Amino acid sequence: MSINKLNAALLVAVIGCAMSVVTSQHVSRHLYNELEKQQKLSRQLDVEYGQLQLEQSTWGAHALIEKSATSRLGMLTPSQRQVYVITPEGVR
């Protein structure tokens with residue numbers, strides 16, 4: 001009778017281990033899929049970041065700013081006589 005109990009206990013242990021393996025594989029696959037999604041999102045964000053940096057450098061170009069100031073705001077570069085340099089000693 002004790003052999004049957006031992007076999008039953010071992011059977012329960014084997015079934016428990018099998019269920020544990022199946023569960024861990026399922027969780028592992030789910031986490032791997034989530035990792036793939038996050039890596040894809042990371043790559044997309046890297047591309048977008050690069051595009052935004054390029055756009056920022058384009059908008060920050062000196063010539064573009066000067067052209068915009070001239071056309072939209074009516075600003076002009078002052079002549080040499082209109083420029084005053086202020087130093088600690090006074091105006092030059």
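What does the pLDDT of the protein chain average, and how many of the residues, in percent, score at least 70? I looked this up before anything else, since this is a predicted model. The average is 90, and 97% of the residues reach at least 70.

**Confidence by element.** I then asked where in the chain confidence is lowest and where it is highest. Strand S2, residues 90–91, is the lowest, with a mean of 72. Helix H1 is the highest, at 94. I keep one caution in mind: where pLDDT is low, the predicted coordinates should not be read in detail.

**Elements and overall form.** I noted 2 helices and 2 strands in the protein chain. Read from the N terminus, their order is α-α-β-β. The radius of gyration came out at 36 Å, and the globule rule gives 12 Å for 92 residues, so the chain is more spread out than a compact globule. I also took the box filled by the C-alpha atoms. Along the principal axes this box is roughly 115 × 35 × 15 Å.

**Surface and charge.** How much of the chain is buried? Buried residues account for 2% of the 92. The chain exposes about 8900 Å², and 64% of this area comes from carbon and sulfur atoms. I found 9 positive and 7 negative side chains. The centres of these two sets are 6 Å apart.

**Helix H1.** I picked two residues here. Ile3 sits in H1, which covers residues 2–59. Is Ile3 buried or exposed? Its relative accessibility is 56%, and because the cut-off for exposed is over 50%, Ile3 counts as exposed. I then took the C-alpha separation of Ile3 and Leu52. They are 49 residues apart along the chain, and the separation is 72 Å.

Gln53 is my second pick, also placed in helix H1. Its relative accessible area is 39%, so Gln53 is partly exposed. From Gln53 I went on to Val83, 30 residues away along the chain. Their C-alpha atoms are separated by 35 Å.

**Helix H2.** Next I turned to residues 62–73. H2 has 12 residues and reaches 16 Å from its first C-alpha to its last. That is close to the 16 Å expected at 1.5 Å a residue. How many of its 12 residues are buried? The count is 1, and H2 is hardly covered.

Lys67 is placed in helix H2. With a relative accessible area of 60%, Lys67 is exposed. I paired Lys67 with Val22, 45 residues apart in sequence. In space the two are 66 Å apart, C-alpha to C-alpha.

What follows H2? Gly74 does, and the phi of Gly74 is positive, near 70°.

**Wrap-up.** I have a predicted model with an α-α-β-β order. Buried residues make up 2% of the chain. My sampled residues include exposed Ile3, exposed Lys67 and partly exposed Gln53. Confidence is at its lowest in strand S2.

Terms used
Residues are numbered from 1 along each chain as its sequence is written. This is a predicted model: local features need pLDDT of at least 70, side-chain atom pairs count only at pLDDT 80 or more; totals for chains, interfaces and linings use all residues. Side-chain values use heavy atoms; hydrogens and water are left out. Helices (H or I, at least four residues) and strands (E, at least two) are DSSP runs, numbered from the N terminus. Buried means under 20% relative accessible area, exposed over 50%, partly exposed in between (1.4 Å probe, protein chains only). The radius of gyration is taken over C-alpha atoms; the globule rule is 2.2 Å times the number of residues to the power 0.38. Accessible areas come from the Shrake-Rupley method with a 1.4 Å probe; for residues, only the protein chains shown count as cover. Lys and Arg count as positive and Asp and Glu as negative; His and the chain ends are not counted. The place of a charge is taken as NZ of Lys, CZ of Arg, CG of Asp or CD of Glu. The expected span of a helix is 1.5 Å times one less than its number of residues. pLDDT is the predictor's confidence in each residue, from 0 to 100.
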